[in-house]
Amino acid sequence: MNLIQHADSPRYIRLHPLDNVVVVVNDQGVPAGTEFDNGLVTVDNVPQSHKVSTVDLAVGEAIIRYGHTIGYALQPIPRGSWVREDQLRMPSAPALDSLPMSDAVPEKQAPLEGFTFEGYRNADGTVGTRNILGITTTVQCVTGVLDHAVKRIRDELLPKYPNVDDVVALTHSYGCGVAITATDAYIPIRTVRNLARNPNLGGEALVISLGCEKLQAGQVMHEGDSSVDLSDPWLYRLQDSSHGFNEMIEQIMELAETRLKKLDVRRRETVPASELILG
């Protein structure tokens with residue numbers, strides 16, 4: 001991967017040596033007429049994270065990214081142009097019963113040295129780039145209640161804790177009777193579990209459940225997991241409420257404020273860029 005590194009200059013990422021497009025990384029993109037260090041000049045305004053052609057592309061010519069064809073030009077695309085989906089014809093999808101197994105093992109990249117970022121160090125050693133309260137769920141039935149609670153937390157509690165960036169609901173479409181022991185069911189369950197362990201949540205995620213669903217809270221959070229803090233109350237079951245909707249919201253907000261207080265004392269520290277986890 002080739003990255004132009006000057007923080008005050010136009011920058012792009014080339015993801016593979018064979019690529020004939022590169023990706024702009026400047027926060028606000030780059031305007032037409034921008035010249036990169038290698039002499040590439042943009043002919044369009046190009047937003048951040050969008051592609052720029054590094055060569056003149058003729059009609060029908062392959063656009064290559066990640067070392068693979070991602071489309072074919074529907075029109076001439078001059079060098080330095082913003083490459084957009086409406087300019088491309090997508091490749092035909094291969095037959096699902098004949099997909100080859102990939103045996104290409106990429107070369108191990110050299111360690112990223114000399115780069116740092118300001119992040120939040122977690123108890124398990126991971127580092128987050130943001131400081132967020134996450135509230136996950138065990139079943140889709142609780143989504144409506146949680147969405148309302150998150151809105152109130154954001155409006156009423158979050159302003160009291162200026163070092164916390166946001167509060168987010170981690171919802172999904174699993175129902176009460178989902179077959180959690182079915183073949184490969186561990187994959188979506190693992191996904192729900194790992195979302196609650198995202199480094200940006202600082203180990204302080206909460207769980208909201210209904211109480212009667214097959215996917216129980218203990219399968220999302222469990223004792224002995226160093227990536228989450230279970231020393232304070234971390235679970236609320238809506239079925240525990242005896243006074244209805246308002247009580248549910250107040251209980252969730254009470255749990256949330258306990259976590260917000262802990263998140264608010266966290267501070268950024270300088271850490272090596274190698275601590276970043278992508279994906």
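**Figure 1. Nine salt bridges turn up in this predicted model.** Side chains of opposite charge can pair when their charged atoms come close. Here the count of such pairs comes to nine. As for the charges themselves, the protein carries 25 positive and 36 negative side chains. The centres of those two sets sit 2 Å apart. The next few views zoom in on some of the bridges.

**Figure 2. R121 and E275 shake hands in a salt bridge.** The gap between them, N to O, is 3.5 Å. R121 belongs to strand β9, which covers residues 116-121, while E275 sits in the segment after β15 (269-272), so the bridge ties together parts that are 154 residues apart in sequence. How open to the outside is R121, by relative accessibility? R121 comes in at 32% and counts as partly exposed. Its partner E275 is partly exposed too, with a relative accessible area of 26%.

**Figure 3. K151 and D155 form a salt bridge along a helix.** Both residues belong to helix α1, which runs over residues 143-157. They are four residues apart, and that is about one turn of the helix. Their side chains meet at 3.0 Å, again N to O. K151 is exposed, with 52% relative accessible area; the cut-off for that label is over 50%. D155, at 47%, counts as partly exposed.

**Figure 4. From the same helix α1, R154 reaches D166.** What distance separates the two side chains in this salt bridge, N to O? The answer is 3.0 Å. This pair links distant parts of the chain: R154 is in helix α1, and D166 is in strand β12, residues 166-170. Along the sequence they are twelve residues apart. R154 is partly exposed, with a relative accessible area of 36%.

**Figure 5. R152, E156 and E250 join up in a network.** Which kind of link holds these residues in a network? Salt bridges connect R152, E156 and E250 here.

**Figure 6. D155 and G29 mark out a long stretch of the model.** D155, found in helix α1, is partly exposed at 47% relative accessible area. Between D155 and G29 there are 32 Å in space, going from C-alpha to C-alpha. In sequence, the two are 126 residues apart.

**Figure 7. Y66 has an unusual backbone angle.** Most residues other than glycine have a negative phi. Y66, which is not a glycine, has a positive phi near 60°. Look for Y66 in the loop between β5 (62-65) and β6 (68-73). With 48% relative accessibility, Y66 counts as partly exposed.

**Figure 8. D184 also has a positive phi.** The value is about 70°, although D184 is not a glycine. Where does D184 sit? Its place is in the loop between β12 and α2, the latter spanning 186-195. D184 is partly exposed, with a relative accessible area of 45%.

**Figure 9. E257 is a buried residue in helix α4.** Helix α4 covers residues 245-264. Is E257 buried or exposed? At 19% relative accessibility it counts as buried, because the cut-off for that label is under 20%. Which residues does E257 touch, leaving aside its neighbours within four places in sequence? Those contacts are L157, K160 and Y161.

**Figure 10. Zooming back out to the whole protein.** The fold contains four helices and 15 strands. Its C-alpha atoms fill a box of roughly 70 × 50 × 35 Å along the principal axes. The radius of gyration is 24 Å, whereas a compact globule of 279 residues would have one near 19 Å. Buried residues make up 40% of the 279. Among contacts between residues at least 6 apart in sequence, 65% join residues at least 24 apart. On the outside, the protein exposes about 15,800 Å², and carbon and sulfur atoms supply 53% of that area.

Notes: Residues numbered from 1 in each chain as written. Predicted model: local features only at pLDDT ≥ 70, side-chain atom pairs only at ≥ 80, totals over all residues. Heavy atoms only, no water. Helix = DSSP H or I, 4+ residues; strand = E, 2+ residues; numbered from the N terminus. Rg over C-alpha atoms; globule rule 2.2 N^0.38 Å. Buried < 20%, exposed > 50% of the residue type's maximum accessible area, 1.4 Å probe, protein only. Contact = heavy atoms within 4.5 Å. Areas by Shrake-Rupley, 256 points an atom, 1.4 Å probe, with all protein chains shown as cover. Lys, Arg positive; Asp, Glu negative; His and termini not counted. Charge placed at Lys NZ, Arg CZ, Asp CG, Glu CD. Salt bridge = Lys/Arg side-chain N within 4 Å of Asp/Glu carboxyl O.
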